[in-house]
Amino acid sequence: MDIKSVLIANNFHYNKALGQNFITDVNLLDAIVKDAGVTSEDVVVEIGTGAGSLTRALGRVAKRVASFEVDDNLRPVLATTLADLPNVEVVFADVLKMSDEDIKSKVLGPFKVVANLPYYITTQLLMRFVESDLDVTDLTCMIQKEVADRLTAKAGTADYGAVTVAVDAVGYGSILRVVNKNMFFPVPKVDSALYHLRIDREKFDIKDMRLFKKTVRAAFLWRRKTLANNLQSAFSITKSQAEEILIGLGYDPMIRGERLSAEEFVRLSERLKDNA
Ligand code: SAM
């Protein structure tokens, strides 16, 4: 299938605002499917069908693919490029506006997310699935390299932040490969990375997710402030009470939030439950 010719024949214009940087290299597309561990048993959700190149590679291997695309102008292109794959369904919708129920109506049971994500909303789209109650087992997503670095950063480093803790809290993340920007068309400004997250919602026993998120948000609110200072602003406690809680957990009272792992944030949030 020569996808480029189908795009030209349909006089398709790339929409930069929608993060349309397509991949057409067949070797890379097949490598993504392989890296994602997709088998003939799998139901796959793809975010951003584009011209259907990754969708085709997924559809050749997976049991079923539900692919979501916001741009209606791609309808005639996809009618051609995906015509021979009966196990693929394209849903024209904005994923961020869909409820869990809307998504569940398209995929019954557990599924994997595989996507070349639009860059302007990478983190929101990832978090849409990571923080949901959807039965997603794995996410394998092409994202900006710098975002992948943040998602996989170690505690105490400059890249480590609230988003790192959010993914570490519910799974095991890694960078599978770094991909040069010239592999995309139009060519974006920065290189990409294929990021993988294996979801394990039981990884930690997080009793109150709302409180856990509030604790993490507070800890990274002002990176230059100590954790005690940040906690004092977000919770109903004085600075010395915050310091006592930290000492009770075995920390230096001057510690900064960026030094705590996801597991340590779980313990800290439990100690804060009476002050939320
Ligand atoms: N999968 C194709 C590929 O690899 O060539 C296209 C990837 S392109 C980086 C991202 C796609 O996501 C674009 O086709 C864009 O129109 C679509 N998109 C952007 N925002 C979206 C949203 N909120 N919901 C669904 N699709 C979206």
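Which atom of the ligand is 2.9 Å from an N or O atom in the side chain of Tyr-120? It is a nitrogen atom of the ligand. Taken alone, the ligand exposes 600 Å², and the protein buries 99% of that. This is a predicted model, and every value below is computed from it.

## The chain as a whole

The protein chain has twelve helices and nine strands. Its C-alpha atoms fill a box of roughly 70 × 35 × 30 Å, taken along the principal axes. Of the 276 residues in the chain, 50% count as buried.

## Around the ligand

There are 23 residues around the ligand. Ile-23, Gly-48, Glu-69, Asp-94 and Asn-116 come nearest. Two of these names return in the table, next to Tyr-120.

| Residue | Ligand atom | Distance to a side-chain N or O atom |
|---|---|---|
| Asp-94 | nitrogen | 2.8 Å |
| Asn-116 | oxygen | 2.9 Å |
| Tyr-120 | nitrogen | 2.9 Å |

## The largest pocket

About 380 Å³ of space lies in the largest pocket. Which elements give two or more residues to its lining? They are strand 1 (22–23), strand 2 (43–47), helix 3 (53–59) and strand 3 (64–69).

The lining has 29 residues. Ile-47, Gly-48, Thr-49, Glu-69 and Pro-118 lie nearest the centre of the pocket. By character, the lining divides into 17 nonpolar, nine polar and three charged residues. Gly-48 and Glu-69 appear both among the residues nearest the pocket centre and among those that come nearest the ligand.

Take Thr-49 from that central group. Thr-49 lies in the loop between strand 2 and helix 3. Is Thr-49 buried or exposed? Its relative accessibility is 4%, under the 20% cut-off, so Thr-49 counts as buried. The side chain of Thr-49 also makes a polar contact with the side chain of Ser-67, at 2.7 Å.

Gly-48 can be placed against strand 4 as well. Val-91 lies in strand 4 (residues 88–92). Val-91 and Gly-48 are 43 residues apart in sequence, yet 9.8 Å apart in space, C-alpha to C-alpha. Val-91 is buried, with a relative accessible area of 10%.

## An enclosed helix

Why is helix 6 described as largely enclosed by the rest of the structure? Helix 6 covers residues 122–130, and seven of its nine residues are buried, so the rest of the structure largely encloses it. The buried residues are Thr-122, Leu-125, Leu-126, Met-127, Arg-128, Phe-129 and Val-130. In general, an α-helix has 3.6 residues a turn, so residues three or four places apart point the same way.

## Other buried sites

Thr-140 is part of strand 6 (residues 136–144). At 1% relative accessibility, Thr-140 counts as buried. The C-alpha atoms of Thr-140 and Ile-175 are separated by 9.4 Å, with their places 35 residues apart along the chain.

Thr-215 has its place in helix 9 (residues 209–219). Thr-215 is buried, with a relative accessible area of 0%. Leu-227 is twelve residues away along the chain, and the C-alpha atoms of Thr-215 and Leu-227 are separated by 10.0 Å.

Leu-272 lies in the segment after helix 12 (262–271). How accessible is Leu-272? Its relative accessibility is 0%, and Leu-272 counts as buried. Leu-272 and Ala-57 are 215 residues apart in sequence. In space they are 48 Å apart, C-alpha to C-alpha.

## Two backbone details

Where is a cis peptide bond found? The bond from Phe-185 to Pro-186 is cis, with omega near -10°. Pro-186 lies in the loop between strand 8 (184–185) and strand 9 (192–199).

The other detail concerns Asn-11. Phi of Asn-11 is near 55°, a positive value in a residue other than glycine. Asn-11 is placed in the loop between helix 1 (3–9) and strand 1. Its relative accessibility is 54%, over the 50% cut-off, so Asn-11 counts as exposed.

Technical notes. Residues numbered from 1 in each chain as written. Predicted model: local features only at pLDDT ≥ 70, side-chain atom pairs only at ≥ 80, totals over all residues. Heavy atoms only, no water. 1 Å grid on protein atoms, 1.4 Å probe; cavity = no way out; pocket = protein on both sides within 12 Å on 5 of 7 lines; lining within 4 Å. Points joined across faces, edges and corners; volume = space filled by probe spheres on them. Helix = DSSP H or I, 4+ residues; strand = E, 2+ residues; numbered from the N terminus. Nonpolar A, V, L, I, M, F, W, Y, C, P; charged D, E, K, R; others polar. Buried < 20%, exposed > 50% of the residue type's maximum accessible area, 1.4 Å probe, protein only. Near = heavy atom within 4 Å. Polar contact = N/O pair within 3.5 Å; in protein donor to acceptor, adjacent residues only side chain to side chain. Areas by Shrake-Rupley, 256 points an atom, 1.4 Å probe, with all protein chains shown as cover.
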